[in-house]
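Here is a set of short exercises to work through with the model open beside you. Try each task before you read its solution.

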Amino acid sequence: MTISPDFSVASTAVTAVIGAYLLLGEPWLGRRLYGSLARRRDTEPRALVGYFTFVLVFWWVFAALAVAALLLSPGMAAADLGIAAPESPLTTAVVIVVFLVVTVMSGRKMRTLAEDGRNVPGLASIRAMLPRTAQERRLAIAVAVTDGICAELVYRGLLIAFGVGVLGLDLYAAAGISVLVYALAGLYQGRSGAIAFALVGALFAGLYVSTGSLLLPVVIHVALSVRDLTLPEPESIGGVSVHAPAPKGS
């Protein structure tokens, strides 16, 4: 994969603001808002609906800003942000099919464990985000899809391009920085959450760099988020979620 993003002054300013928020504001705001949701979840019937609605609006605003950064740079192509077909479409298609099968199978196993009251690693740390009603379930799926699309565009597409085009970093160094910034989004789950986000962030960045497209990381991100956010709510279990979306400004 090779990219050569040419950011304009306006595009650089927009992306710098996004990066500053993700680096400095998101860890604090994510923890604060998820904590508020957890405290209100059992006493306010529409607490999760409001939380999910904010997540949806927030993420699409950020995605729009990423697109604006692209449009404000005449010398930058969509492929510089990963908006392109994968370099090996057949291999990508095979990986997607295999991964979706594994995700469905693991999801069934996790659901069975949860329904039997047994421990499902990672579920307790996102308990407040797990839906209890049909409306909440629909919103959870919408959030999972939105998170997969928008997070990959911003964290992988935009931040890596910024690292290469503005900071002058090597592609892999820029990808590493994007993983570190993504890890901070998991701090709302504590230190273990940050480590978990770093691991999946490295996976998504690796898939992007190896294919030259955001398609594969987006599909896998969406699949994992849908699986995790539609599981039954646990009574009292331990662990840290690896794949659930960070509560972006929600």
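**Exercise 1. A tyrosine in a loop**

Task: Decide whether Tyr 188 is buried or exposed, and find where Tyr 188 lies.

Solution. Start with accessibility: Tyr 188 has a relative accessible area of 8%. Buried means under 20%, so Tyr 188 counts as buried. Keep in mind that you are looking at a predicted model. Next, place the residue: Tyr 188 sits in the loop that joins H5 to H6. Then check its ring, which belongs to one aromatic cluster along with Tyr 21, Tyr 34, Phe 54, Phe 58, Trp 59, Phe 62, Tyr 155, Tyr 182 and Phe 197. Finally, try a long span: Tyr 188 and Ala 10 are 178 residues apart along the chain, and their C-alpha atoms are separated by 32 Å.

**Exercise 2. The two helices around that loop**

Task: Describe how H5 and H6 cross, and list the residues that make the contact.

Solution. Two packed helices are described by the angle between their axes and the distance between the axes. Helix H5 covers residues 171-184 and helix H6 covers residues 191-211; their axes come within 8 Å and cross at roughly 150°. The crossing of H5 and H6 is right-handed. From H5, the contact uses Leu 171, Tyr 172, Ala 175, Val 179, Tyr 182 and Ala 183. From H6, the contributors include Ala 194, Phe 197, Val 200, Gly 201, Phe 204 and Val 209. Sorted by class, the contact has 14 nonpolar residues, one polar residue and no charged residues.

**Exercise 3. A closer look at H6**

Task: Compare the span of H6 with the expected value, then find what covers its buried residues.

Solution. Count first: H6 has 21 residues. From first C-alpha to last, H6 reaches 30 Å, close to the 30 Å expected at 1.5 Å a residue. Now look for buried positions, among them Gly 193, Ala 196, Phe 197, Leu 207, Tyr 208 and Thr 211. The cover over the buried residues of H6 includes helix H3 (89-115), helix H4 (134-165), H5 and helix H7 (215-229). End at the residue that follows H6, Gly 212, where phi is positive, near 75°.

**Exercise 4. Classifying ring pairs**

Task: Sort two aromatic pairs, Tyr 51 with Phe 52 and Phe 58 with Phe 62, as stacked or tilted.

Solution. The structure holds 13 aromatic pairs. In the pair of Tyr 51 and Phe 52, the ring centres are 6.1 Å apart and the planes meet at 55°, so this pair is tilted. Both partners are buried: Tyr 51 has a relative accessible area of 2%, and Phe 52 has 0%. For Phe 58 and Phe 62, the centres are 4.6 Å apart and the planes are at 20°, so that pair is stacked. The cut-off used here is that planes under 30 degrees apart count as stacked. Phe 58 and Phe 62 are four residues apart in helix H2 (residues 47-71), so about one helical turn separates them. Phe 58 is buried at 15% relative accessibility, and Phe 62 is buried at 9%.

**Exercise 5. Partners across the sequence**

Task: Find which residues contact Pro 5, setting aside neighbours within four places in sequence.

Solution. Locate Pro 5 in the segment before helix H1 (9-40). Its relative accessibility is 7%, so Pro 5 counts as buried. The contacts of Pro 5 beyond those neighbours are Met 76, Asp 80, Ala 161, Val 164 and Gly 165. Take one of these and compare separations: Pro 5 and Met 76 are 71 residues apart in sequence and 5.1 Å apart in space, C-alpha to C-alpha.

Note on methods. Residues numbered from 1 in each chain as written. Predicted model: local features only at pLDDT ≥ 70, side-chain atom pairs only at ≥ 80, totals over all residues. Heavy atoms only, no water. Axes fitted to C-alpha atoms, helices over the stretch in contact; angles between N-to-C directions. Helix = DSSP H or I, 4+ residues; strand = E, 2+ residues; numbered from the N terminus. Left-handed = near helix turned anticlockwise from the far one by under 90°. Contact = heavy atoms within 4.5 Å. Nonpolar A, V, L, I, M, F, W, Y, C, P; charged D, E, K, R; others polar. Expected span 1.5 Å × (residues − 1). Buried < 20%, exposed > 50% of the residue type's maximum accessible area, 1.4 Å probe, protein only. Phe/Tyr/Trp six-rings, centres within 6.5 Å; stacked < 30°, edge-to-face > 60°.
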